[in-house]
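Student: Could you take me through one part of this structure up close? I'd like to see how a single stretch fits in with what surrounds it.

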Amino acid sequence: MAQRHHDLTDPTAGPVSTGDALAGYLRGQATEFLRALRLHRETGGAVPNGSSSASTGGPASAEVRVDAVRALRRSARRISGSLHTFRPLLEPEWSEGIRPELAWLSGTLALEHAYGARLERLLLALNRLSGAAPVPGQPVGAAGPALPGPADRAAVHPATPDRGNLTVGAAKAGALLDRQLTLARTRAHSTALQALGSSRFHAVADKVAVLASEVPLTPTAPATDLRPLAGAAEERLADAVTALPLVTAGSPYNAEALIHGLSPDPAPHPQDAPWHQVRLLLRLHRYAGEVVHGRSTPQDVRLLAAGEALDRHRDASEASSAAAQAARTPRIAPATAYALGVLHADQRHEVEAARYAFQRSWQKQTIGAP
C-alpha cells in the first residue's frame, strides 16, 4: 500500500501504546455495552425473564431503544475486533470463548435494521426507475410502496416505451418486495428479542461485565508494544486490497454479475466476497487505530471515504440479491419480473459505482482529518 492511514509501526509516530492501553480500551467498550444494555431494558426492551415490555413508553422510548441496540452492536463489534487483532496478548481460552459470541450478538441485532434499510433502498430505486415520485410524508415500506397512479407518473416524466413497460410491473414488484422484506424484518425483530432474553446472551453480558473491571491479559502484555500487531492488521488489509478482482469486478458494465444474479442459483455472486472481506479488514484496521492512538484522534478522511464506499457496496450487493430472489418467486407476472430484473441491474450498477468510489478514495494521497 503506497500510502498509510496511520503508520502503526513507525517508532517515531508518537508515544508507545502497550497492553495497558488495550486493557483501557476494552474496559471502556465493555462499560458502553453495559450502559446500552441498561438503557435498552429501561425503555421497554428485552428483560431478564426473556419477555418484552414494549408496551411501556411511546415513540421516544422506541427511538431510544433503537439507539441502545445500535450502541450494543457498536461495542460488541469493537470488543470482538480488538480481541481478534490483539489475541496474542489475551488469555486464549477466554478470548476465543467470547469473541464468536460477540459476533453472533452483533450479527443478530443487525438484521432487523438491515432488512428495513434494504426495503427502503429498493422501493426508492423503483420509484426513481419508473419515474414515480414518492408520496410526501409517507414512510417508504410502512404501508406498501409509495408508487402513485398512472396520472401522477405521467406528470413526473413523459412516457417512453421502456419506462412504460417498467411502470406496469413496478407497483406489483414493490408490493412483492414489501411483503418479503417486511416479513423478514418482523422475524429478525422476534429473533433479536429472543436473543436478548436468552441464557446465551446473559452469559455474554456476564463476561462483558467482568471485562469492564478486569481484562484477562497475558503476564507480559502490559509492557508489550501494540504497534506490530496493529501494523499486521494494516498489512492484511493492504494485501486484500491488492488482491481485489478489479479486471472483471470493476468494469463499468459487469454483465457476468448481472447474468449470475438472475440465474436459478440463489448464492451471492462470488465477485462480491473479496470486497466484503476488505470491508471487514478495514473495520479491524480502524479499531486497531483506535486502540493505539485513542478514539479521540481524528480519523484519516481517506479511511472514512473508503469505508463509506464499502458500506454502499455491501448495501447495493445485498439489495441486488433481494431483487433477484423476488424475481424467482413462482407464478409472478412477466411485467413484475421485468421490473425486478431492471431493479437488479440498477443495484449491480450501484455496486460497480461503489467499487469505483472505493478505488478513487484509496488511491488518493493521505489527507489529515481536521
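Tutor: Sure, let's start with Leu181, which counts as buried because its relative accessibility is 7%, under the 20% cut-off for that label. Keep in mind that we're looking at a predicted model. Leu181 has its place in helix α5. So what does Leu181 touch, once residues up to four places away in sequence are set aside? Look for Tyr115, Arg118, Leu119 and Leu122. Those numbers fit inside α3, which spans 92–130. Now try a jump along the chain: Leu181 and Ala326 are 145 residues apart, yet their C-alpha atoms are separated by 9.7 Å.

Stay on α5 and slide back to Ala173, another residue of that helix. Is Ala173 buried or exposed? Ala173 has a relative accessible area of 0%, so it is buried. Skipping neighbours within four places in sequence, Ala173 is in contact with Leu126, Thr336, Ala339 and Leu340. There's a long jump here too: 170 residues of chain lie between Ala173 and Leu343, and 9.4 Å separates their C-alpha atoms.

Several of those partners belong to α12, which covers residues 334–363, so let's check how that helix sits against α11, residues 301–327. Their axes are 8 Å apart, and the two helices pack at an angle of about 165 degrees. That is over 145 degrees, and therefore α11 and α12 are roughly antiparallel to each other. Their crossing is left-handed. In the contact between α11 and α12, 17 residues are nonpolar, six are polar and five are charged.

Now zoom out to the largest nonpolar core, which has 40 residues. Which of its members touch the most others? They are Leu22, Leu26, Leu83, Leu102 and Phe201. Helix α5 turns up again, as one of the helices that each supply at least two residues to this core; the others are α1, α2, α3, α6 and α10. The biggest giver is α1, with eight residues. Apart from this core lies another one, of 19 residues, including Leu176, Ala319, Ala322 and Ala326. You've met Ala326 already, as the far-off partner in the C-alpha distance from Leu181.

Finish with Leu83 from the largest core. Not counting residues up to four places away in sequence, Leu83 touches Leu26, Leu90, Trp94, Ser95, Ile98, Arg99 and Leu102. Find Leu26 and Leu102 in that set, since both are also on the list of core members that touch the most others.

Technical notes
Residues numbered from 1 in each chain as written. Predicted model: local features only at pLDDT ≥ 70, side-chain atom pairs only at ≥ 80, totals over all residues. Heavy atoms only, no water. Core = buried A, V, L, I, M, F, W, Y, C linked by side-chain atoms within 4.5 Å. Buried < 20%, exposed > 50% of the residue type's maximum accessible area, 1.4 Å probe, protein only. Helix = DSSP H or I, 4+ residues; strand = E, 2+ residues; numbered from the N terminus. Contact = heavy atoms within 4.5 Å. Axes fitted to C-alpha atoms, helices over the stretch in contact; angles between N-to-C directions. Parallel < 35°, antiparallel > 145°, perpendicular 65-115°, else oblique. Left-handed = near helix turned anticlockwise from the far one by under 90°. Nonpolar A, V, L, I, M, F, W, Y, C, P; charged D, E, K, R; others polar.
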